[in-house]
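Trainee: I'd love a close look at the ring and core packing in this one. Could you walk me through it slowly?

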Amino acid sequence: MNWGLTLALFAPWFVHTITDEGKYGPMLFLDPTGNPVILYRDTLGTEKPIRRRWQGSAWVTDTIPFVPRGASLWAALDSSGHLHLVTIPPTDDTLFLASETDTGWRYYTYIPEDHGFPLSFFTYAFTVSPQGNPHFILGVSYLGDTMAHVWMEGDTWSKEIFCSDTDTLCSFLGDMRFDGEGNLHLAMESVVPHLLWYGLRDSSGWRMELVDPMGDEGGDFCFSLCEINVDWWGTPRIHYWPYYENIVAYRNKYAERTLYGWVVEFTGLGGILITSNYAVTPDSVVHVISPHNDGTLWHAIRKGLNEWEEVEFIAPGIWPTCLTSDQNGYLHFVCHESILHPEKYRYITNNPTIGVSESHTASRQSLVLQMASGGFWITGYSGEAQIYDPAGRLVLSRKIRDKILISPLKPGVYFVVAGKQRTRIAIR
């Protein structure tokens, strides 16, 4: 077990209630410092979205001056921490875009017909580049069999046709992300036949790859989505959940691009429910939040090919989404409280520096760690405790009677597990 995985597994989870006002959403982003930015809106989409963000010492809430016009809302955060929102009203073939700048908000419209093609609602993906330029994937024909990449730099719109194949690409929904090098990664579903595609736009242009011919095994997207994640090294991973008529259920699937091609597997997580998207910590460990039918959420990891394991209970909750990792390996996601209270949104993280949590998955801390020369004291606890070193190896397992000195230790971060309590301490 390496340090990053140890950090993820032995860090306690903190639960924050974001709103209980019956809003719609939420969406979660991390700003350049790793602090959460949460966006949600009213159910009908007729009110301005609300943003709540952690700014070092307090939660700050503001209202975004942009009305979604009753339509679906997409959003993205650029590398400067600026928010970008886009919506397409159901009765108007027009993209409405709002982009945040250092001096305020700017508003744009894009009418596809004015640029030579109609808009197809079922071939749509949106993201922003690290520089804050909005990028879209649109269907050039009503059938969605020809794909266009549309983007804006400054006040200038540009477009390029990157895929035209009426036999294999009648597209439905997609998702895309930029990596740290400025390459654009796309996941796209096609429904005639049912195929999962991956697209990469780098300095040489676009290329498309077939990821999963899932129709061959009876899979059907059946209005489900796909989500793409690009890790710190530019490796794409796709999460999707096709419907299988032979078992009358959706199944969670995972695809990863390797040096030898695409690896595709069922995770076996989530039961009949949908897991959250995947997050990859800087140590290359794949994490996922797995919901159970009893309304609880569990933390799972990918241990190897076709090997997924739930490693710990997190908290009660349903419908987890937007799982992401910061540069220190802490995990962040949002969810709803329960079936009885879906109007209550929760933000959950194992980063102890964010916010004052209203609830906690473990009991209140009675365990206290105090620095000592070459080690530390454990006080305020009686019972069995385990101490793990920075590599995740067990250093000591001992029964404690209120107080004990753990010494000598090499410099590093050590993790203490005592009953349901988990904490860490840095030895210098």
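Trainee: To set the scene, what percentage of the contacts in the protein chain with a separation of 6 or more comes from residues 24 or more positions apart?

Mentor: Happy to. The answer is 46%, with a contact meaning heavy atoms within 4.5 Å. Keep in mind that this is a predicted model, in which local features need pLDDT of at least 70 and side-chain atom pairs count only at pLDDT 80 or more, while totals for chains, interfaces and linings use all residues. Residues are numbered from 1 along each chain as its sequence is written, and side-chain values use heavy atoms, leaving out hydrogens and water.

The protein chain has one helix and 37 strands; these are DSSP runs numbered from the N terminus, with helices (H or I) of at least four residues and strands (E) of at least two. Of its 428 residues, 54% are buried, that is, under 20% relative accessible area with a 1.4 Å probe, where exposed is over 50% and partly exposed lies in between, counting protein chains only.

Now to the rings. The whole structure holds 14 aromatic pairs. Rings of Phe, Tyr and Trp (its six-membered ring) pair if their centres lie within 6.5 Å, and planes under 30 degrees apart are stacked, over 60 edge-to-face and the rest tilted. W59 and Y347 form an edge-to-face pair because their ring centres are 5.8 Å apart and their planes stand at 80°. W59 belongs to strand 5 (residues 59–63) and Y347 to strand 31 (residues 345–349), so this pair ties together parts 288 residues apart in sequence. Y347 has 0% relative accessibility, so it counts as buried.

Y110 and W157 make a tilted pair, because their ring centres are 4.5 Å apart with planes at 45°. Here Y110 sits in strand 9 (residues 104–110) and W157 in strand 13 (residues 156–164), so the parts joined are 47 residues apart in sequence. Y110 counts as buried at 1% relative accessibility, and W157 counts as buried at 18%. Ring pairs also link Y110 and W157 with F126 and F136 into a cluster.

Some rings carry a charge over them, which requires NZ of Lys or CZ of Arg within 6 Å of the ring centre and within 35 degrees of the ring normal. R201 places its charged end over the ring of W151, 5.1 Å from the centre. K253 does so over F266, at 4.6 Å from the ring centre.

Finally, the cores. The largest nonpolar core has 17 residues, and F376, I378, I387 and I406 have the most contacts inside it. Such a core is a set of buried Ala, Val, Leu, Ile, Met, Phe, Trp, Tyr and Cys residues joined through side-chain atoms within 4.5 Å. Strand 34 (375–388), strand 35 (394–406), strand 36 (412–418) and strand 37 (421–427) each give two or more residues to this core, and strand 34 gives the most, with five. Leaving aside neighbours within four places in sequence, I387 is in contact with residues including F376, I378, L394, I406, Y414 and V416. A second, separate core has 15 residues, among them A76, I88, L97 and V128. As background, nonpolar side chains tend to be buried together in soluble globular proteins.
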